[in-house]
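Welcome to a short set of exercises. Keep the viewer open as you work, and try each task before reading its solution.

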Amino acid sequence: MSNNKRPETMERITTRELADAFIAEQIDALRKQIGDKKVLLALSGGVDSSVVAALLIKAIGKQLVCVHVNHGLLRKGEPEQVVEVFRNQMDANLVYVDAIDRFLDKLEGVADPEQKRKIIGAEFIRVFEEEARKLDDVDFLAQGTIYPDILESGPVKAHHNVGGLPEDLKFELVEPIKFLFKDEVRVVGQALGLPDGMVFRQPFPGPGLGVRCLGAITRDRLEALRESDAILREEFAANGLEGKVWQYFTVVPDFKSTGVKNGLRSFDWPVIIRAVNTRDAMTATVENVPFELLQKITARITSEVPGVNRVLYDLTPKPTGTIEWE
């Protein structure tokens, strides 16, 4: 059998009992593979890397070194959640890297979406490599590879941006969830005690908010994006749409329009709301959000987020629109 082929005898993990059995099996396998060596993990805070981190903490404790790179393109509260859950609650060996200025300086004036993606990915690899070289006696690199990654893009999980590390580091891969589908990963995450906000985190692009701050990223517009996104998520949660809608987020384009704020003429950005449902991300339908809720969200965003005077709702399904704007 191929090393990257899911075992035919493997049962679908749908219950806590099956998840507990999988965790026990993986802890034993990880201890046998790793021994007394150290493992390095790029911990984004997404469900895949978080589940891998929690598994490894149970298996080898402080032998795991988690590196969380804050590139300034995460959603509101996400870096703080990673630190709280893994360092404060799980007592993980966590290295927090504040690379916000480094990334945003590199992205200054860059408007092309593909170029932004390349800069973010390449800079992540450089930062992660620098942190890796500060550590002694690390023999293993853990990755949140899951089975769809193997089926679609080979064994290296490219959107975690660790596949481009220099070969002289000579890490052996540790991929404890590589035979799981996303729904199974979530069941395992719950069994490991991770918070629901992390386990059920929505799909999030590798470049983060960098592809939702359209055009050349500016710090003030990025902050407007982060704050408007937080309001949208808060209101969807309060009104029963969290977990019901597959993905929802805001987008802030690089243009302004006239408006009126506090009785005076304004020239500010619009915020675009995107809320879609899909099974496979190949097609998507638009969520029919109650108009009263859209009005409330609009009122909050235009009054609470500096630099914004309009809120728009994207009614375009996929096709013809993609789910993300860039």
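**Exercise 1.** Which backbone nitrogen lies 3.4 Å from a polar atom of the side chain of Thr 278? Then place Thr 278 in the fold and decide whether it is buried or exposed.

*Solution.* A reminder before we start: the model is predicted.
- Step 1: The backbone nitrogen in question belongs to Asp 280.
- Step 2: Look also at Ala 281, whose backbone nitrogen lies 2.8 Å from a polar atom of the Thr 278 side chain.
- Step 3: Now trace the chain around Thr 278: this residue sits in the loop that links β8 (264-277) and β9 (285-286).
- Step 4: The relative accessibility of Thr 278 is 16%, so it counts as buried, the cut-off being under 20%.

**Exercise 2.** Find the strands that pair with β4, and say in which sense they run.

*Solution.*
- Step 1: Select β4, residues 138-142.
- Step 2: With β1 (residues 38-42), β4 forms four bridges in the parallel sense. Leu 40 is the residue opposite Leu 141 of β4.
- Step 3: With β5 (residues 172-174), β4 is joined by three bridges, and these two strands also run parallel. Here Leu 141 faces Leu 173 of β5.
- Step 4: Put the two together: Leu 141 stands opposite Leu 40 and also opposite Leu 173.
- Step 5: Check the covering of β4: four of its five residues are buried.

**Exercise 3.** Test whether the span of helix α2 agrees with its number of residues, and ask how enclosed the helix is.

*Solution.*
- Step 1: α2 covers residues 47-60, which is 14 residues.
- Step 2: At 1.5 Å a residue, the expected span is 20 Å. This value comes from multiplying 1.5 Å by one less than the number of residues.
- Step 3: The end C-alpha atoms of α2 are 20 Å apart, which agrees.
- Step 4: Of the 14 residues in α2, 13 are buried, so the rest of the structure largely encloses this helix.
- Step 5: Just after α2 comes Gly 61, with a positive phi near 55°.

**Exercise 4.** Describe the second largest pocket: how much space lies in it, and what lines it?

*Solution.*
- Step 1: The space in this pocket is about 320 Å³.
- Step 2: Its lining has 16 residues, and those nearest the centre are Gln 26, Gln 33, Glu 175, Pro 176 and Lys 178.
- Step 3: Helix α1 (16-34) gives the most, with six residues, while β5 supplies at least two.
- Step 4: Sorted by class, the lining holds 10 nonpolar, three polar and three charged residues.

Note on methods. Residues are numbered from 1 along each chain as its sequence is written. This is a predicted model: local features need pLDDT of at least 70, side-chain atom pairs count only at pLDDT 80 or more; totals for chains, interfaces and linings use all residues. Side-chain values use heavy atoms; hydrogens and water are left out. Buried means under 20% relative accessible area, exposed over 50%, partly exposed in between (1.4 Å probe, protein chains only). Two strands pair if DSSP finds at least two bridges between them. On a 1 Å grid over the protein atoms alone, a cavity is a set of points where a 1.4 Å probe fits but cannot get out, and a pocket is an open set with protein on both sides within 12 Å along at least five of seven lines; lining residues have an atom within 4 Å of a point. Grid points are joined across faces, edges and corners, and a volume is the space filled by probe spheres set on the points. Ala, Val, Leu, Ile, Met, Phe, Trp, Tyr, Cys and Pro count as nonpolar, Asp, Glu, Lys and Arg as charged, and the others, Gly among them, as polar. A polar contact is a pair of N or O atoms within 3.5 Å; within protein, one must be able to donate a hydrogen and the other to accept it, and residues adjacent in sequence count only if both atoms are side-chain atoms.
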